[in-house]
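Hello,

Here is the structure I said I would hand over. Please have it open while you read the notes below it.

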Amino acid sequence: MAFSIGNIFKGLTGGGKEVSVLGVDIGASSAKLVQLRASRGIAVLETYGEIALGPYGGQPIGKAVKLTPEKTAEALKDLIKESNVTTASVGVSIPFSSSLVSVIDLPPADAESLKRIVPIEARKYIPVAISEVSLDWFVIPKEEGTDSAFDQLQEKSVIRTKGQEVLLVAIHNATLKNYQEIMEKVGLTSSFFEIEIFSAMRSCVGHGLAPVLIVDLGASTTKMYMVERGVVRMTHLLSVGGQQVTETLGRSLDWDFEKAERVKREHGFIESTAYGADENARIHEALLSTLSRVFSEVNRVLLSYGQRYNKNVSNVVLTGGGSSLPGIKDIAKTSLNAEVIIADPFSHTEAPAFLGKVLSEIGPSFSVSVGLALRKLKHN
Ligand SMILES: Nc1ncnc2c1ncn2[C@@H]1O[C@H](COP(=O)(O)OP(=O)(O)OP(=O)(O)O)[C@@H](O)[C@H]1O
Ligand SMILES: [Mg+2]
């Protein structure tokens, strides 16, 4: 189930003394990894791989599963082996759903006062005791951009007159402990954990000023992040994802989950000679019925952000495995009130030309893992 380019790269990259780093993204339905190495300032892709987690929990490929740390570690070990990973130095993502990311408005205060104010304010937003979470925050700059806590901000920001906006980030300590435990079991040395939003931002959007909406089409959910001036300004979670697309397709065509998942990935919206006109039409309709729910929610988010801040959000970046659905771009273009870009995270890496096509096709699944490896590379 895992695919690997393993040895292909060994001869090409020459095995110098440069350090290799790993990004690991444990999603609801599959785990992905990307290994990069810095060479003359370029991020060279050494290997990548993905493994479906469903089978480790007695479920088919494409289903979201909740696994024990032991089972997750087992899957990761298999993936590492199949991908010929050669480093234990890793950055790991934390699911958006296990975190809290919010922009809060605070009165003007200096950095010292904020240390006192933010944890108190945070109580209003965090449903558990502050002692149970790891808290971080970042003042959204008013004037000249400086390097941000999330290493994102590179552009001049808009001048605001009243108070200040603070990006508040919290992760449950129990979640961090769970991921630490998994990494220990796998034998990886994790140097940082990062909420997947920030990893995806790094590999999906440039440093432009204009607001961009990242839409991550995952297995059981669709996650939306509005990014502006390099900072996440708003997030939204929808409990519809690729798994539901498969389920609806299966129900309409009377196929089991496995077959529906296979046909979805292979043909998507592209008509197939394997099916008659009637079946092709039913496949199209079934896929569209679920996706149009997602797209109308995306439009709603675009509209509400646009109205609230009085600006037009003109770009949507589609990422996550669901964005590899054949033909999705044209459907998204006609359904969404914005330009549609399919994420191409591997464009930030150097890889042999013959892999170009496959890397751009599978790219959306790897946005988080590429983003993690890029951060790890930079701060190694
Ligand atoms: N080529 C493809 N065409 C259509 N759908 C695909 C394709 N490849 C993967 N998917 C779908 O993408 C979904 C999984 O996406 P992804 O791997 O990004 O999710 P995840 O990271 O496991 O979940 P989450 O981000 O919600 O934790 C599944 O529903 C799967 O069916
Ligand atoms: Mg994911």
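Helix 8 and helix 9 are oblique to each other, because the angle between them is about 50° and angles that are neither under 35 degrees, nor over 145, nor 65 to 115 count as oblique. Please keep in mind that this is a predicted model.

Two packed helices are described by the angle between their axes and the distance between the axes. For this pair, the axes are 11 Å apart. Helix 9 covers residues 328-335, and helix 8 passes it in a right-handed crossing. On the helix 8 side, the residues that meet helix 9 are Leu-288, Leu-291, Ser-292 and Phe-295. Their partners in helix 9 are Ile-331, Ala-332 and Ser-335. Sorted by class, this contact has 5 nonpolar residues, 2 polar residues and no charged ones.

Helix 8 also packs with helix 6. Here the axes come within 9 Å and cross at roughly 145°, and the crossing is right-handed. Helix 6 contributes Gln-244, Val-245, Thr-248, Leu-249, Ser-252 and Leu-253 to the contact. From helix 8 there are several residues, among them Glu-279, Arg-282, Ile-283 and Leu-291. The contact divides into 7 nonpolar, 5 polar and 2 charged residues. Leu-291 of helix 8 is listed in the contact with helix 6 and also in the contact with helix 9.

Next, the core. The largest nonpolar core has 92 residues, and Met-201, Leu-213 and Ile-214 touch the most other members. Which helix gives this core its largest share? Helix 8, residues 277-309, does, with 10 residues.

One loop residue is also worth a look. Ser-239 sits in the loop between strand 11 (231-238) and helix 6 (242-253). Is Ser-239 buried or exposed? Ser-239 has 9 other C-beta atoms within 10 Å, and a residue with 12 or fewer counts as exposed, so Ser-239 is exposed. Leaving aside residues up to four places away in sequence, Ser-239 touches Ser-220 and Thr-221. The C-alpha atoms of Ser-239 and Val-294 are separated by 9.3 Å, while the two residues are 55 apart along the chain.

Last, the protein as a whole. There are 11 helices and 13 strands. Of the 380 residues, 42% are buried. Among contacts between residues at least 6 apart in sequence, 69% join residues at least 24 apart.

Regards

Key. Residues numbered from 1 in each chain as written. Chains lettered and ligands numbered in written order. Predicted model: local features only at pLDDT ≥ 70, side-chain atom pairs only at ≥ 80, totals over all residues. Core = buried A, V, L, I, M, F, W, Y, C linked by C-beta atoms within 7 Å. Buried ≥ 20, exposed ≤ 12 C-beta atoms within 10 Å, placed from the backbone. Helix = DSSP H or I, 4+ residues; strand = E, 2+ residues; numbered from the N terminus. Contact = placed C-beta atoms within 7 Å. Axes fitted to C-alpha atoms, helices over the stretch in contact; angles between N-to-C directions. Left-handed = near helix turned anticlockwise from the far one by under 90°. Nonpolar A, V, L, I, M, F, W, Y, C, P; charged D, E, K, R; others polar.
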